[in-house]
Amino acid sequence: MAVGHVLPVVVEGSRATRALYMFVYAFHMPTFVLISGYLSRSYTGRPDQLKRLLTGIALPHLVFEVAYTLLIRWGAQPERPYSLLHPSYLMWFLIALFVWRMTAPFWSVVRWPVPVSVVIAALAAITPGLDGVVGMQRVLQFLPFFVIGLRMRPEHFRFLRRRPVRIAAVLVFAGALPFTYWATAGIYMT
């Protein structure tokens, strides 16, 4: 993840770094969101869980959002307004995790949770203006990965440890690198 956040600084003018950027972003956030869903499987909305959600996700969001805004105002944009509804930098993920986890009990009662979440993500992708507040378009577009994580069980991860699956993963990754290099032809080149 750290590499993905550093690459935009060096990506301009280099097809190789642009390809690496595309390669990293093709899987790192979906994987991170899927794992977040998996780790949220026990969330049912009990009062103790809600309290942890507020103190472990909402409060850090508030603290860091204010800190980011102060830092930005002190540096490059002194006129930047304080806004908890327009997240700075990485803060969108804390809002997203809060929203996803709050909806976790809902996904346990929906008959086809993954297809329903895919439809929601597709609708979010084509809805103009949805990204204006709390990055909701991005939150909803990553929702299927969270729901898949909610539905996963330990045996799914055991499946990933099998030798044929590991070999297939290496082949896919090996093929994805030249593909992303090919796909970057003419993109963002200076």
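In this predicted model, ring pairs link Phe32, Trp92, Phe93, Trp100, Phe142, Phe145 and Phe146 into a cluster, and that cluster is where I would like to begin. A search of the whole structure finds 13 aromatic pairs, and I will take two of them that share tryptophan 100.

The first joins phenylalanine 93 to tryptophan 100: their ring centres lie 5.8 Å apart with the planes at 75 degrees, and because planes over 60 degrees apart count as edge-to-face, that is how this pair is classed. As for the accessibility of the two partners, phenylalanine 93 counts as buried at 11% relative accessibility, while tryptophan 100 has a relative accessible area of 1% and is likewise buried.

The second pair is that of tryptophan 100 with phenylalanine 146, and here the rings are stacked, at 5.5 Å from centre to centre and with 25 degrees between the planes. What does this pair link? It connects distant parts of the chain, since tryptophan 100 belongs to helix α4, residues 91-107, and phenylalanine 146 to helix α7, residues 143-151, with 46 residues separating them. Both tryptophan 100 and phenylalanine 146 are buried.

Staying with α7 for a moment, its buried residues are Leu143, Pro144, Phe146, Val147, Gly149 and Leu150. Which helices do these buried residues pack against? They pack against α2, α4, α5, which spans 113-125, and α6, which spans 136-141.

That brings me to α2, and to its packing with another helix, α9. Helix α2, residues 15-39, and helix α9, residues 163-183, pack at an angle of about 130 degrees, with their axes 8 Å apart, and the two are therefore oblique to each other. The crossing in which α2 passes α9 is right-handed. On the side of α2 the contact is made by Arg15, Ala16, Ala19, Met22, Phe23 and Phe27, and on the side of α9 by Phe173, Ala176, Leu177, Thr180, Tyr181, Trp182 and Ala183. By residue class, this contact of α2 with α9 divides into 11 nonpolar residues, one polar and one charged.

Let me finish with the protein as a whole, which has nine helices and zero strands. Of its 190 residues, 31% count as buried. If we take the contacts between residues at least 6 apart in sequence, 64% of them join residues at least 24 apart, and the pair of tryptophan 100 and phenylalanine 146, at 46 residues apart, also links distant parts of the chain.

Technical notes. Residues are numbered from 1 along each chain as its sequence is written. This is a predicted model: local features need pLDDT of at least 70, side-chain atom pairs count only at pLDDT 80 or more; totals for chains, interfaces and linings use all residues. Side-chain values use heavy atoms; hydrogens and water are left out. Axes are lines fitted to C-alpha atoms, for helices over the stretch in contact, and angles run from 0 to 180 degrees between N-to-C directions. Helices (H or I, at least four residues) and strands (E, at least two) are DSSP runs, numbered from the N terminus. Angles under 35 degrees count as roughly parallel, over 145 as roughly antiparallel, 65 to 115 as roughly perpendicular and the rest as oblique. A crossing is left-handed if the near helix is turned anticlockwise from the far one by less than a right angle, and right-handed if clockwise. Contact means heavy atoms within 4.5 Å. Ala, Val, Leu, Ile, Met, Phe, Trp, Tyr, Cys and Pro count as nonpolar, Asp, Glu, Lys and Arg as charged, and the others, Gly among them, as polar. Rings of Phe, Tyr and Trp (its six-membered ring) pair if their centres lie within 6.5 Å; planes under 30 degrees apart count as stacked, over 60 as edge-to-face and the rest as tilted. Buried means under 20% relative accessible area, exposed over 50%, partly exposed in between (1.4 Å probe, protein chains only).
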